[in-house]
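Thanks for sharing this one. Here are a few notes to read alongside the structure, in the order that I would look at it.

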Amino acid sequence: SNLKRHKESKHEGVRYTCDKCEYTATRISHLKRHKQYKHQGVRYPCDQCEYTATQLSNLKRHIESKHHEVRYPCDQCEYVATRLSYLKQHKESKHEGVRYSCDKCEYVATQVSSLKLHKEHTHEGVRYPCDQCEYTATQVSDLKRHIESKHEGVRYPCDQCEYVATQVSSLKLHKEHKHEGVRYPCNQCEYVTNRVSELKQH
């Protein structure tokens, strides 16, 4: 595939043109990175501080250089945090009691990170892309839920039938619709149960 890519980019004149500006790439991966960086407002937030990268590789480099085995001591007590965000939360809750107001609406946060998430989600349209497929989320929590359900094999089986959900909420809905008040009678005797598995065993 490297030879094919080399021939296309160097000898066959294959180009990938951005549909939003004059940029032209020799690789589709370069075009994708360009569109994310220049046109889509995509961000990769560090979960340990307030750093936000425009490329996943930059985020990885940041985490390795800034957070690997680093400790953050509080300068007002004996507390030591493993993440800068934990230290800030500690200081605000134990030593300061600070509030952060949004400058675009009435929202008030107790943490800078909460205000940042609010502004990105509500006012700036920032998105968080999955690094394993084309899915893009508007909140980090949605991205994590997507990765767990689609890529990490996390499953939630129903204890009353063969159904398996990818989210707890889906399992709850399934049970409400399929099993609450539902009975499974045996077609050969008077036996009745509320579980398919018990009917099969019977």
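**Notes on pockets and cores**

1. Helix H2 is a good place to begin: with four residues, H2 gives the most to the lining of the second largest pocket. Please keep in mind throughout that this is a predicted model. Helix H2 spans residues 28-38, and both H2 and H3 supply at least two residues each to the lining of this second largest pocket.

2. The volume of the second largest pocket is about 260 Å³. It is lined by 15 residues, and those closest to the centre of the pocket are Lys32, Arg33, Gln36, Tyr44 and Leu56. Sorted by class, the lining comprises six polar, five nonpolar and four charged residues.

3. Now for the largest pocket, with a volume of about 860 Å³. Here 34 residues form the lining, and Pro45, Cys46, Asp47, Val140 and Lys144 are the closest to the centre. The classes in this lining are 17 nonpolar, eleven charged and six polar residues.

4. Which elements each supply at least two residues of the lining of the largest pocket? There are two strands to mark, E3 (44-45) and E9 (128-129), together with the helices H3 (56-66), H4 (84-96), H5 (112-124) and H6 (140-150). Helix H4 gives the most, with six residues. Helix H3 is worth colouring in your view, as H3 supplies at least two residues to the lining of the largest pocket and also at least two to that of the second largest.

5. Turning to the interior, the largest nonpolar core holds six residues: Val126, Tyr128, Cys130, Ala137, Leu143 and Ile147. A second core, separate from that one, has five residues, among them Tyr44, Cys46, Ala53 and Leu59. In soluble globular proteins, nonpolar side chains tend to be buried together.

6. Tyr128 deserves a closer look. Setting aside residues up to four places away in sequence, Tyr128 touches Arg43, Pro45, Leu117, Glu120, Tyr135, Thr136, Ala137, Thr138, Gln139, Val140 and Leu143. Two of these partners, Ala137 and Leu143, belong with Tyr128 to the largest nonpolar core.

7. Is His174 buried or exposed? His174 counts as buried because its relative accessible area is 11%, and the cut-off for buried is under 20%. This residue sits in helix H7, which runs over residues 168-178. Beyond its neighbours within four places in sequence, His174 is in contact with Cys158, Cys161, Tyr163 and His179.

Note on methods:
Residues numbered from 1 in each chain as written. Predicted model: local features only at pLDDT ≥ 70, side-chain atom pairs only at ≥ 80, totals over all residues. Heavy atoms only, no water. Core = buried A, V, L, I, M, F, W, Y, C linked by side-chain atoms within 4.5 Å. Buried < 20%, exposed > 50% of the residue type's maximum accessible area, 1.4 Å probe, protein only. Contact = heavy atoms within 4.5 Å. 1 Å grid on protein atoms, 1.4 Å probe; cavity = no way out; pocket = protein on both sides within 12 Å on 5 of 7 lines; lining within 4 Å. Points joined across faces, edges and corners; volume = space filled by probe spheres on them. Nonpolar A, V, L, I, M, F, W, Y, C, P; charged D, E, K, R; others polar.
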